[in-house]
Amino acid sequence: MKISLSQIEGRLQELVEIHLANYILGRTIKDLLVEKLSVAMKTNLIKMSDGSRIAPNLYKLLTHPDATKNWQAEPHLLDSIAEILNTIGQEAGIKFLYPPTISFGTDARLSSDHIRITASHTPRSVADTQGTPTTTKTMESTEENLPSSAFLIVEGVKIFPLDKMVINIGRRLDNHLTIDDPRISRNHAQLRAIKGRYVVFDLNSTGGTYVNGHRINQSLLYPEDVISLAGVPLIYGQDNPPPRPDLAETTPISSATIDRPTVILKIFPEEKER
């Protein structure tokens, strides 16, 4: 059986009904699980230069602390969800570089009848892929370590530390950085750590993502860069910034240059809600 990306959520619904009927009671919870799994998988897809798509293999199911024990009472639930994701990948022609795994977590901000699912790739998993060329203007899609002491200043007042390989930003509560502003898309932008540097990707947002005034699809970030998400400002910073090769000469540079080196990976956020 072959399915398209647009059919993933419907196929997830079928498989959840078949395989998880004995584990999850209640239509609302099943629908939430299907929706969150679909969004988490599709938002974090990586499209390689050879046209193949890489799915995230690490998923965390977050619930309110009072509800966590109910989920953990079913020992085979996580394995069943992982098997469903693996089946979806095979049917949609999406690769998992490592077998999908699910873990539990808690989030006290959630109500007892709500769930949140985050997804990410095993560090360095993209390094195992082929067909991603590197030039003097690009960087390899491998990653050795996180950028040192990186952070965002959100709307000039809030410090948000960047301590993950992938940081999803948007209006939805299941983003790592949630910004409750109507100008922000539900899944707006993503920061990805690649070879010790953060790269910002626009996730096909409505209002666009800008770096130092230039609208971008993706851009390597330097300290003091101003990121604008549809007009909502974020300032990227690092306590120990890396050297700036573009400042080798003493002549001033423009505040934003579209020729700065960046990666050639592209996020493939099809069918997202906004």
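1. Two strands are taken as paired if DSSP finds at least two bridges between them. With that in mind, this predicted model contains an open sheet of 5 strands, whose order is β10-β9-β11-β12-β15 and whose pairing is mixed. The edge strands of this sheet are β10, covering residues 177-178, and β15, covering residues 218-220, each of which pairs on one side only.

2. One end of that sheet can be followed residue by residue. Strand β9, residues 166-170, is joined to β10 by 2 bridges, and the two strands run parallel. Within this part of the sheet, Gly170 stands opposite Thr178 of β10.

3. Turning to the interior, the largest nonpolar core has 34 residues, and the members that touch the most other members are Ile8, Tyr59 and Ile81. At least two residues of this core come from each of α1 (8-19), α2 (27-43), β3 (58-63), α4 (77-92), β4 (101-106) and β5 (115-120), and the largest share, 8 residues, is supplied by α4. In soluble globular proteins, nonpolar side chains tend to be buried together.

4. The surroundings of Ile8 deserve a separate look. When residues up to four places away in sequence are not counted, Ile8 touches Ile3, Ser38, Met41, Lys42, Ile88, Ala92 and Ile94. A second core, separate from the one that holds Ile8, is made of 25 residues, including Ala150, Val154, Tyr198 and Leu229.

5. Is His64 buried or exposed? This residue lies in the loop between β3 and α3, the latter spanning residues 65-72. His64 counts as buried because its relative accessibility is 18%, and the cut-off for buried is under 20%. A polar atom of the His64 side chain lies 3.0 Å from the backbone nitrogen of Asp66. Once its neighbours within four places in sequence are left aside, His64 is in contact with Asp107, Ala108, Leu110, Ser111 and Ser112.

6. A loop position with the opposite label is Thr206, which lies in the loop between β12 (197-202) and β13 (209-211). Thr206 counts as exposed because its relative accessibility is 55%, and the cut-off for exposed is over 50%. The C-alpha atom of Thr206 is separated by 8.3 Å from that of Arg183, although the two residues are 23 residues apart along the chain.

Note on methods:
Residues are numbered from 1 along each chain as its sequence is written. This is a predicted model: local features need pLDDT of at least 70, side-chain atom pairs count only at pLDDT 80 or more; totals for chains, interfaces and linings use all residues. Side-chain values use heavy atoms; hydrogens and water are left out. A nonpolar core is a set of buried Ala, Val, Leu, Ile, Met, Phe, Trp, Tyr and Cys residues joined through side-chain atoms within 4.5 Å. Buried means under 20% relative accessible area, exposed over 50%, partly exposed in between (1.4 Å probe, protein chains only). Helices (H or I, at least four residues) and strands (E, at least two) are DSSP runs, numbered from the N terminus. Contact means heavy atoms within 4.5 Å. A polar contact is a pair of N or O atoms within 3.5 Å; within protein, one must be able to donate a hydrogen and the other to accept it, and residues adjacent in sequence count only if both atoms are side-chain atoms.
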